[in-house]
Amino acid sequence: MIARMLLPSLVFASMCAALYAVFIYVPTEKEMGVVQRIFYFHVPAAISAFIAFFLVFVGSIQYLRTRTELWDRLARCAAELGVLFSVIVLVTGPLWARPIWGVYWHWEPRLTSMLILFTIYLAYLMVRSYGQPTPQTQRFAAVLGILGFVNVPLVYYSVHLWSPEQQLHPRNVALQPEMQLTLYICFAAIFLLFWYLLCRCLRLERIADEITALRRHRTMPGASTN
């Protein structure tokens, strides 16, 4: 109970600290200018998406192994948050790219692989939303969640797997101490937000599953309506 009450306060405080660091504390990057500040939201959102998809991977494996609903709920909630943070990445990326690269989108390895990753887990959510609420649907979604995670390392290491001529993302980024500190603060803020949303989603999914089970019990022949 204490942790449940403390986490929202930590999220609020870390977000305030992140906004202060991004818009007031950190110096403006000399070459890219003000638009570079998108970097402090873009990168933590991408890492949070990767963490979410890793949880889908773990939850899916554990569900196939144990058939425990808790693991299935974890995979389902993590997939929703992974898609959400992927949208943030895919929106902030082009907004950052237009003033720097001259185009909103370029079919280079990292952008393309990130879009594919987003599409895979969007398909995962569609399976969960439009498929019948049966164990077969859960197993099929679990397999898709496991296979989709294969693309996460590809996105992360794409800048090293292809030659520099084929991509726009740099392989190495040198940051000033103030920029590194700001990035760490934003990492902490975005991760705390991710964790808070995951806890809330798990709680809501558990309540929804309990309500569904109760309705099924009441509609069973011979079940008491009292």
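This is a short talk that walks through the predicted model shown above.

Hi everyone, and thanks for coming. Please keep in mind as we go that we are looking at a predicted model. Let's begin with the whole protein and then visit some single residues.

How many helices and strands are there? The secondary structure comes to 7 helices and 0 strands. If you read along the sequence, the pattern is α-α-α-α-α-α-α. The protein has 226 residues, and 38% of them count as buried. About 13,300 Å² is exposed, with carbon and sulfur atoms supplying 68% of that area. Now for contacts. Take those with a separation of 6 or more: 75% of them join residues that sit 24 or more positions apart.

Next, let's look at helix H2, which covers residues 39–66. H2 has 28 residues, and from its first C-alpha to its last it reaches 40 Å. That is close to the 40 Å expected at 1.5 Å a residue.

Find serine 60 in this helix. Is serine 60 buried or exposed? Its relative accessible area is 1%, and the cut-off for buried is under 20%, so serine 60 is buried. What does serine 60 touch, once we leave aside its neighbours within four places in sequence? The answer is Ala75, Ala142, Gly145 and Ile146. You can also look across to arginine 73: it is 13 residues from serine 60 in sequence, and the two C-alpha atoms are 9.4 Å apart in space.

Glutamine 62 is in H2 as well. Its relative accessibility is 17%, and because that is under 20%, glutamine 62 counts as buried too. Leaving aside neighbours within four places in sequence, glutamine 62 is in contact with Arg67 and Trp71.

That brings us to arginine 67, in the loop between H2 and H3. Arginine 67 follows H2, and its phi is positive, near 60 degrees. Why point that out? Most residues other than glycine have a negative phi. Arginine 67 is not a glycine, and yet its phi is positive. As for accessibility, arginine 67 is at 42%, which lies between 20% and 50%, so this residue counts as partly exposed.

On we go to H3, residues 69–101. This helix has 33 residues, which at 1.5 Å a residue should span 48 Å; the end C-alpha atoms are 46 Å apart, so the two values agree. Just after H3 comes glycine 102, with a positive phi of about 90 degrees.

Now to H5, residues 135–148. With 14 residues, H5 should span 20 Å, and its end C-alpha atoms are 20 Å apart, so again there is agreement. Which residues of H5 are buried? They are Thr137, Gln138, Ala141, Ala142, Gly145, Ile146 and Gly148. Do you remember Ala142, Gly145 and Ile146? They were among the contacts of serine 60. The buried residues of H5 pack against H2, H3, helix H4 (109–130) and helix H6 (151–161).

Let's turn to a pocket, the second largest one. It holds about 370 Å³ of space. There are 17 residues lining this pocket, and the closest to its centre are Arg76, Pro133, Gln138, Asp209 and Arg216. Three helices each give two or more residues to the lining: H3, H5 and H7, the last of these covering 177–219. Which helix gives the largest share? That is H7, with 6 residues. By type, the lining divides into 5 nonpolar, 6 polar and 6 charged residues.

Before I stop, here are two loop residues to find on your screens. The first stop is glutamate 31, in the loop between helix H1 (2–25) and H2. Its relative accessible area is 76%, and over 50% counts as exposed, so glutamate 31 is exposed. Glutamate 31 is 69 residues from isoleucine 100 in sequence, but their C-alpha atoms are 9.2 Å apart.

The other stop is tryptophan 162, in the loop between H6 and H7. At 31% relative accessibility, tryptophan 162 counts as partly exposed. Its C-alpha atom is separated by 9.4 Å from that of glutamate 108, with their positions 54 residues apart along the chain.

That's my tour. Thanks for listening!

Conventions
Residues numbered from 1 in each chain as written. Predicted model: local features only at pLDDT ≥ 70, side-chain atom pairs only at ≥ 80, totals over all residues. Heavy atoms only, no water. Helix = DSSP H or I, 4+ residues; strand = E, 2+ residues; numbered from the N terminus. Buried < 20%, exposed > 50% of the residue type's maximum accessible area, 1.4 Å probe, protein only. Contact = heavy atoms within 4.5 Å. 1 Å grid on protein atoms, 1.4 Å probe; cavity = no way out; pocket = protein on both sides within 12 Å on 5 of 7 lines; lining within 4 Å. Points joined across faces, edges and corners; volume = space filled by probe spheres on them. Nonpolar A, V, L, I, M, F, W, Y, C, P; charged D, E, K, R; others polar. Areas by Shrake-Rupley, 256 points an atom, 1.4 Å probe, with all protein chains shown as cover. Expected span 1.5 Å × (residues − 1).
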